[in-house]
Structure formats: structure tokens, C-alpha cells
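Thank you all for coming. I would like to walk you through one structure this morning, and I will take it piece by piece, so please have a look at it first.

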Amino acid sequence: MLFNLPDHTTLYAALLARDPAYDGRAFVGVSSTGVFCRLTCPARKPKSENCHFFDTISECIEAGFRPCKRCHPLAPKAENDPVIQTLVTALENNPAHRWSEDDIISRGFDPSTVRRSFKRQFGITFLEMARLSRIRDGFETLSSGGRVIDAQLDAGFSSPSAFRTAFAKLLGTTPASFTADGLNNTDAFLKADWIDTPLGAMVAVSDKSALHLLEFADRKALPTELKKLRQQVRGDLGIGRYEPTNQIETELSDFFAGKSDQFDVPLALHGSGFTKDVWHALREIPVGQTRSYSDIARTIGNPTATRAVARANGANQIAIVVPCHRVIGADGSLTGYGGGLWRKQKLIDLEKDISARV
């Protein structure tokens, strides 16, 4: 048990009141419908005699209940958090604003609470997310051939050193390093560019023949991945794009529009033989379906390698195309995802919709 559940009467009162204190800590299985819900579910409340309370998702599933489609008990709480909703909307409406803790306070929120909420759901703070949005404008300036100073100003940084530091924190190297290595070199071995998606910006890295990396731009491991990639290929990394980046941008557009689940862009996979076997197995999971780590281990003929499969899954550098988001916990719950659990749930839901139309 995660914590000691109160008695049935107390939990039923919490269900009627939609008490947020129990959200994620207790679940209700409704025998008359066969579904299980959060205690904050907006659906009409069942009779007390039809309610069975559990403290884990796995217990609900083992008892034969399926997840509610209204409160999505398997989904993260990000979309149900008014703090996150309010600030993300404000950021989307004014991405160029130089957000500070004073802005957070002026909206009636406690900075430490906001910091914890965003770190828990996205892996970065709100201020880091806002800074990322501004750096993206500078990245686009560099991509179009602009000077570093122009990129700095377009990103809204008054200090050159602050822009260099923020840029390096995101991409693992300074903007000047990108310029020297590849921006003005049309033969740069690898080029990185920005791709917009409904789930946020992604960074794509390709050479003239294949896609090497596709990650959400706010992924904490992105700087390390880019550094490792440069070491693996022993080549320059510039800003710009080759044809594989154009191709994956088109394929992602069709995917998010629900038109196609096919990704035909050539891939350059960097990993051991075992790791590549895992990635190939991920690509064999039918769209709209999920698997557990142990399922993947059995698929590749190594049923005792569940932990190694998990590590290989986490090492994937080509998000969505190599669908590591299709791997969930053995109990049916979401597990770690570098792009954030909220994105993982969105991708799973989207693919279920696509498969239903095929």
C-alpha cells in the first residue's frame, strides 16, 4: 500500500466532494459500469454500494476494472493542475516575454509550488520552459544565416553572456561553436534544425542521407545526447537541414493530423547490437497498442533482460519514429518518458484514434 486508506464512508464523501487531496492516491472502481476513476472524476457519482476503493492502479486493473475515459486515471495530472494550465497558456500567448518569479507571484502563485509542479510533470521549471521558447527564436535566426548578435536580440537577451549560457545549456555548445563548426559550411556532416509539433518544438539532426536524432527540445538529456552524437560520428554539427529533416517534418505533420502512422525517413541508429534489437522491436509494435518491458524482452529472445530493455528504451534518440512511448508498466500505468508523461499519454491516445480509423 502507498498509504493507509481511510474507511469506505470517508472515501465516498471524498468522491462526492471531488476532493483533490486524494487525486492519484486513491481510486474508485464502480461495479455498475466496470470502470475505475480518480476521486476527482467529473462523471455522475455512483451509489455507495457500487464503489470499491483502491490505492493503486494495478489493484484496479487486477480487480477487472478498466480506466475511465473522462478522468483518464492512467494519465498524468498536468492537465488537471490549474497552476500549470494558467502559466502554460500565458506563455503560449506571450512567448517573447522575459518571465521572472515576480510574474509568477503577480498571478497569485507561489514560485516554489510552481517550480515543483513543473519539475514533476515536465522535468524542467516554468522559467526554464519560458527561456527555451525565447532561445528558439535565436536558433531560427542562426538557421537563416543571421549573426550571433542578431540571434541574441531576437531571443530577447540583453546580455551576450546570458544568451551564450542559455544556448549552451539547451544544446550543449555555444552559438559561436555552431557557427564555426557548420553554420557557414554547406558540407557540415550533421545539421540541426527546429521542427514545430502540436506537442512542442523538436530538434532534428540529420546528415545528407539519414536522420540521426529527433527529440523534444525541452528534454533534459538533449545537450548530452548532442555531445555524444558528435563524438559518435566525429563530424561537425551545424545549424540548418538536409532532406531527411524535411522528410520527417512532413511525416510528423501527417502523423499529428491523424492522416498516417508511417515513417519512412532513413534512420541512422547509434547503439549496440542489443540496443538496436530493442529499437527494432519497438517499431514492430502495432500503432494503437502498447507493450511492457518484459514483453519486449521476450520478443527479442532474451526474457530475463527486462532492465536492459528499459535502459535501451530510455537511450532512444529518435522519438516517435522509434516509438518508445508505446512501452508502459506491467500494471498498465505510464512509465518514464524523456519527453514528459503528458506527451506520452497524448501520443498513445493519438495512435489509438489513428488505429481506430484504419
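Before I come to the sheets, let me say how strands are paired here: two strands pair if DSSP finds at least two bridges between them. Helices (H or I, at least four residues) and strands (E, at least two) are DSSP runs, and they are numbered from the N terminus. What you see is a predicted model, in which local features need pLDDT of at least 70 and side-chain atom pairs count only at pLDDT 80 or more, while totals for chains, interfaces and linings use all residues. Residues are numbered from 1 along each chain as its sequence is written, and side-chain values use heavy atoms, with hydrogens and water left out.

Let me begin with the chain as a whole. Its secondary structure comes to 15 helices and eight strands. Of the 358 residues in the chain, 49% are buried, where buried means under 20% relative accessible area, exposed means over 50%, and partly exposed lies in between, with a 1.4 Å probe and protein chains only. If we take contacts, meaning heavy atoms within 4.5 Å, between residues at least 6 apart in sequence, then 59% of them join residues at least 24 apart.

Now to the sheets, and as general background, strands of a sheet pair through backbone hydrogen bonds, either parallel or antiparallel. One open sheet has four strands in the order β7-β6-β5-β8, and its pairing is mixed. Its edge strands are β7, residues 211–216, and β8, residues 237–239, each of which pairs on one side only. On average, neighbouring strands of this sheet are turned by 25° against each other, direction ignored; for such angles, axes are lines fitted to C-alpha atoms, for helices over the stretch in contact, and the angles between N-to-C directions run from 0 to 180 degrees. Strand β5, residues 190–195, runs parallel to β8 and is joined to it by three bridges, and A192 has I239 in β8 as its bridge partner.

Which helices lie across this sheet? Helix α10, residues 222–233, lies across β5, β6, β7 and β8 and runs at about 175° to β7. Helix α11, residues 243–256, lies across β5, β6 and β7, and its angle to β5 is about 25°.

The other sheet I want to show is also open, with four strands in the order β3-β1-β2-β4 and mixed pairing. Here β3 and β4 stand at the edges, each with a single partner strand, so one side of each is left without a neighbour in the sheet. Strands β2 and β4 run parallel and are joined by two bridges, with V35 having R66 in β4 as its bridge partner. Helix α1 packs on this sheet, touching β1, β2 and β3, and its direction makes about 100° with that of β3.

Let us stay with α1, residues 8–17, in which L11, Y12, A14 and L15 are buried. Seen down the helix axis, these buried residues fall within an arc of 155°, so they line one face of α1; the arc is that of the directions from the helix axis to the C-beta atoms. What covers them includes β1, β2 and β3, whereas the face turned away from the buried side carries the exposed residues T9 and A17. At the N-terminal end of α1, D7 acts as a cap, with a side-chain oxygen 3.3 Å from the backbone nitrogen of T9. Just after the helix, R18 takes a positive phi of about 50°.

I will finish with the salt bridges, each being a side-chain nitrogen of Lys or Arg within 4 Å of a carboxyl oxygen of Asp or Glu. How many does a search of the whole structure find? The search finds seven. In one of them, the closest N and O atoms of E101 and R115 are 2.7 Å apart. E101 lies in helix α4 and R115 in helix α5, so the pair ties together parts that are 14 residues apart in sequence. E101 counts as partly exposed at 36% relative accessibility, and R115 counts as partly exposed at 35%.

E249 and R241 also meet in a salt bridge, at 2.8 Å from N to O, and D193, R241 and E249 are linked in a network of salt bridges. R298 and D295 form another, with their closest N and O atoms 2.5 Å apart, and both lie in helix α13, three residues apart, about one turn of the helix.

Notes: A polar contact is a pair of N or O atoms within 3.5 Å; within protein, one must be able to donate a hydrogen and the other to accept it, and residues adjacent in sequence count only if both atoms are side-chain atoms.
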